[in-house]
Amino acid sequence: MRLREIQEALRQENLNAWLFFDHHQRDPLAYRVLGFQPHRTPTRRWYYLIPANGEPRCLVHRIESTMLDALPGEKHLYSSWATQKDGLSALLKGSRRVAMQYSPECAIPYVAMVDAGTIELVRNAGGEVFTSANLIQIFEARWSDVQFEMHRNAGRRVDRIRAAAFVKIVECLRANHPTSEWEINRFIREAFAADGLITDHGPIVAVNANMSNPHYEPSADRNQPIRKGDAVLIDMWAKLDQESAVYYDITWTGFCGDPAPDPIRNIFDTVRGAREAAVTLVKTAVASKRELRGFEVDDAARGYITERGYGPYFVHRTGHSIGEEVHGTGANMDNLETHDERCVIPGTCFSIEPGVYLDDFGIRSEVNVFVGADEAVVTGEEQHELVRVI
C-alpha cells in the first residue's frame with residue numbers, strides 16, 4: 001500500500017481521511033487501492049481509515065478479527081451493532097472530512113460502491129462524506145510504463161486484425177461468398193486468441209441500421225449479411241493475455257462499394273472532425289500544462305457535431321477511461337451522461353469516440369489518447385477516410 005502517497009493526496013484534496021469499507025467483497029476498488037486480498041470472503045463489515053496525517057486504524061468484527069492484519073495500523077474490535085456505532089465514532093475522531101467510494105447522485109457509478117445506509121452510519125458518527133473519485137483516479141487509473149508498452153503492443157496487434165477483418169470482407173464480396181456480421185465477429189475473436197489477446201465480450205460488427213445501435217453485437221441467431229452497397233462498422237477492444245495488461249479500444253467504419261454515398265461520407269467527415277477537435281484540445285492543454293476536465297473534451301466534440309446540425313444524433317459521451325477493464329475508473333470525456341469534472345491527469349488513457357446515429361446507418365470513429373507528463377498522444381492508427389471495402 002502506498003500509504004505516504006495516499007496521505008499526500010488527501011492533503012492536496014483538503015480531506016482529513018479516506019475511509020474504506022467492505023462486506024462480502026462488494027468494493028473491488030478498496031482491495032486494489034489498499035493492495036491486499038482477504039484470506040477469506042468477509043462476512044462481517046470492516047472499516048479501514050487512512051488519515052491525512054498519522055497512522056491508519058481499522059475496525060473489524062471480533063469473529064473476523066484478523067481480516068485486515070495484512071495492513072498496517074491500530075486495530076479496534078466490535079461485536080454488536082451498538083459497539084459498531086461506537087467504534088465507528090471513535091475511528092472517525094479528528095477526521096471530519098472523509099473520502100469514501102461514494103458519488104453524489106451516483107454521477108460516477110464506477111466509484112459509487114458504498115451503500116446509502118453505510119453513508120448514513122458515517123454521517124451519524126460525525127463524518128462529512130466526500131467522493132473519492134479523484135483519489136481513485138490517482139491510485140487506480142494511472143498506468144505504469146510497463147502497462148503503457150503493453151497497451152501499445154496490444155494496439156499493434158488489434159490494428160492488424162482490424163485491417164485483416166476488412167480484407168476478409170473484401171475477399172468474400174469479390175468471391176461472391178456470403179459473409180455476415182457474425183462470421184466477421186468470429187474471425188476477429190479467433191484472430192485475438194491466435195495473437196495472445198483477450199477481451200471481455202464483443203467485438204461489434206454492424207451493417208447499415210445496426211450501426212445506429214452503439215452497443216449492438218451480432219450473435220449466431222441474430223445477425224445480418226454483409227453485401228455490396230452496405231456500410232460496415234467494427235468496434236473492437238482487447239488486451240494482452242498477461243497480468244496487469246490494459247485495453248486498446250477502437251472503432252472504424254467502411255463502405256462496401258466505391259464511391260460511398262454522399263450522406264455517409266458527410267457524416268463520416270463530421271464525426272472525424274469532432275474526433276480531431278477533441279484530440280487537439282487534449283494535446284494543446286497537456287502541452288501548455290493547462291488544467292483540463294473530462295466534460296471539456298466532450299464539449300469540444302459535441303460542439304463540433306452540434307454546429308453541423310447533428311447534435312441530437314450524438315447520444316453518448318465522447319469517451320471513457322481505459323484500464324485493466326475496458327471501461328476504467330479514471331475521468332470520462334463526458335458532459336452528457338454525467339458532468340465529469342475530474343481532471344485529465346498524467347498517466348491515464350481514455351477513448352475519444354464521437355458518433356452520429358441516423359435511422360439507416362451510424363458512424364463512430366474511435367481512438368485512444370494517453371496523457372503523459374508533457375504531451376498527449378494517440379496510441380494507434382487513426383482513420384482519416386472511410387475504408388473502401390471493394
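Biologist: In this predicted model, what makes the approach of the His320 side chain to the side chain of Asp249 a polar contact?

Modeller: The side chains of His320 and Asp249 are paired at 3.0 Å, and a polar contact requires N or O atoms within 3.5 Å, so the pair qualifies. The side chain of His320 also makes a polar contact with that of Glu353, at 3.2 Å, which is again within 3.5 Å.

Biologist: Why is His320 called buried?

Modeller: Its relative accessibility is 3%, and buried means under 20%, so His320 counts as buried, although His320 is found in the loop between helix H9 (294–307) and strand S13 (321–322). Among the residues His320 touches are Val326, His327 and Phe350.

Biologist: What makes Arg342 and Asp340 a salt bridge?

Modeller: The closest N and O atoms of Arg342 and Asp340 are 2.8 Å apart, and the cut-off is 4 Å, so the pair is a salt bridge. Arg342, with a relative accessible area of 3%, is buried, and Asp340, at 1%, counts as buried too, because both values fall under 20%.

Biologist: How do you know that Arg11 is partly exposed, and where do Arg11 and Glu8 lie?

Modeller: Arg11 has a relative accessible area of 38%, which is neither under 20% nor over 50%, and therefore Arg11 is partly exposed. Arg11 and Glu8 both lie in helix H1 (residues 3–12), three residues apart, about one turn of the helix, and they form a salt bridge whose closest N and O atoms are 3.1 Å apart. Glu8, at 36%, is likewise partly exposed.

Note on methods. Residues are numbered from 1 along each chain as its sequence is written. This is a predicted model: local features need pLDDT of at least 70, side-chain atom pairs count only at pLDDT 80 or more; totals for chains, interfaces and linings use all residues. Side-chain values use heavy atoms; hydrogens and water are left out. Helices (H or I, at least four residues) and strands (E, at least two) are DSSP runs, numbered from the N terminus. Buried means under 20% relative accessible area, exposed over 50%, partly exposed in between (1.4 Å probe, protein chains only). A polar contact is a pair of N or O atoms within 3.5 Å; within protein, one must be able to donate a hydrogen and the other to accept it, and residues adjacent in sequence count only if both atoms are side-chain atoms. Contact means heavy atoms within 4.5 Å. A salt bridge is a side-chain nitrogen of Lys or Arg within 4 Å of a carboxyl oxygen of Asp or Glu. Lists of a residue's contacts leave out its neighbours within four places in sequence.
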